[in-house]
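Hi,

Here is the structure I promised to pass on. Have a look at it first, and my notes follow underneath.

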There are 2 protein chains.
Amino acid sequence: MRYASHTFDDLALQASFEAGPRVVTREDIATFARLSGDHTALHTDPDYAASTPLGGLVAHGVLNLAVATGLAFEMGIFEGTILAFRGIEVRFDRPVQPGDALSLRLTVARLDERPRPGRGAVTFDVDLSNQGGRTVLSGSWAMLMARRPSA
Amino acid sequence: MRYASHTFDDLALQASFEAGPRVVTREDIATFARLSGDHTALHTDPDYAASTPLGGLVAHGVLNLAVATGLAFEMGIFEGTILAFRGIEVRFDRPVQPGDALSLRLTVARLDERPRPGRGAVTFDVDLSNQGGRTVLSGSWAMLMARRPSA
């Protein structure tokens, strides 16, 4: 879903925002392997991956995180208002395989006006889930966002 | 640097491993924007980026994290022994700009034999630094690694 751009002052505790689904493809996994340099066999060798309990290639955890950031961009809430991505704390809860369709929900967990005039620190709870509604990645993101000009 | 493959039992507390440098390019940033879907102007619009205090394009934080995972792969310590990447806790300490050369140091911070027979949980302290030796990303990674067959 596409929302209006939000400043720090437009965000309410527990407000939540959704985006997706986006399908993760084999090509996405191959592109991520080349870009990152992480060629671990589970992500790049179909024969090896077929021999594992998962039965096939699995997306890199950090690719799933990258997809989540793209879905967050698509929401539109950060447009012109995000000043910095300060940190990440996530678990990789379940494997993602080619063809899985991922959806993101961000929920405002903490608002802190302190850092400096003109900006506020926002912590979002992050939930990335697959087409079956099961969480594949969860945790929190810390962002620095612009205040409303009048604030 | 390239090391031998390490099982859980080969790792000692405070052992550290290094890899890099790897240069981050404008093309890497453009590829990451397409792959993730995160087209935030600071990463994709040179004119906008030139108008910010940083004076030019900046790499996505999660791209820096992806580069760190590729450098970890290059070390060789995880070859055939990594079973799962369980979670990440990182701060984006400093911006990375095209041309910056990043190096990774992983340090064994915690070893836990408990999870299940045949595997152990390892927490690595993570430090990704630039050509000036300044940290751009820091935190910890939680991995599940295979035990030595005799262990």
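Just after H1(B), B:Gly37 has a positive phi of about 90°. Helices and strands here are DSSP runs (H or I over at least four residues for helices, E over at least two for strands), numbered from the N terminus. Before going further, bear in mind that this is a predicted model, where local features need pLDDT of at least 70 and side-chain atom pairs count only at pLDDT 80 or more, while totals for chains, interfaces and linings use all residues. Residues are numbered from 1 along each chain as its sequence is written, chains are lettered from A and ligands numbered from 1 in the order in which they are written, and side-chain values use heavy atoms, with hydrogens and water left out.

Back to the helix that comes before that glycine. In H1(B), the buried residues (under 20% relative accessible area with a 1.4 Å probe, protein chains only; exposed is over 50%, partly exposed in between) are B:Asp28, B:Ile29, B:Thr31, B:Phe32, B:Ala33, B:Leu35 and B:Ser36. What do they pack against? On the chain A side, the partners are strand S1 (16-23), H1 and helix H4 (61-75). Within chain B, they are strand S1 (16-23), helix H2 (41-44) and helix H4 (61-75).

The pairing of the two H1 helices is the part I'd look at on screen. The helix in each chain covers residues 26-36, and the two axes come within 11 Å and cross at roughly 155°. Axes are lines fitted to C-alpha atoms, for helices over the stretch in contact, with angles running from 0 to 180 degrees between N-to-C directions. H1(A) and H1(B) are therefore roughly antiparallel to each other (that label needs over 145 degrees; under 35 is roughly parallel, 65 to 115 roughly perpendicular, and the rest oblique). H1(A) passes H1(B) in a left-handed crossing, that is, the near helix is turned anticlockwise from the far one by less than a right angle, with clockwise making it right-handed.

Which residues meet there? A:Asp28, A:Thr31, A:Phe32 and A:Leu35 come from H1(A), and B:Asp28, B:Thr31, B:Phe32 and B:Leu35 from H1(B), with contact meaning heavy atoms within 4.5 Å. By class, the residues of this contact are 4 nonpolar, 2 polar and 2 charged (Ala, Val, Leu, Ile, Met, Phe, Trp, Tyr, Cys and Pro are nonpolar, Asp, Glu, Lys and Arg charged, and the others, Gly among them, polar). An α-helix has 3.6 residues a turn, so residues three or four places apart point the same way.

A few backbone oddities are worth a click. A cis peptide bond joins A:Gly20 and A:Pro21, with omega about 0°, and A:Pro21 sits in strand S1 of chain A. In chain B, a cis bond links B:Gly20 and B:Pro21, again with omega about 0°. A:Gln14 isn't a glycine but has a positive phi of about 75°; A:Gln14 lies in the segment before S1 and counts as exposed at 56% relative accessibility.

As for chain A overall, it has 4 helices and 5 strands, in the order β-α-α-α-α-β-β-β-β from the N terminus. Of its 151 residues, 52% count as buried. On confidence, chain A averages a pLDDT of 96, and 99% of the residues score at least 70 (pLDDT is the predictor's per-residue confidence, from 0 to 100). The complex gets an ipTM of 0.97 and a pTM of 0.97 from the predictor.

Cheers
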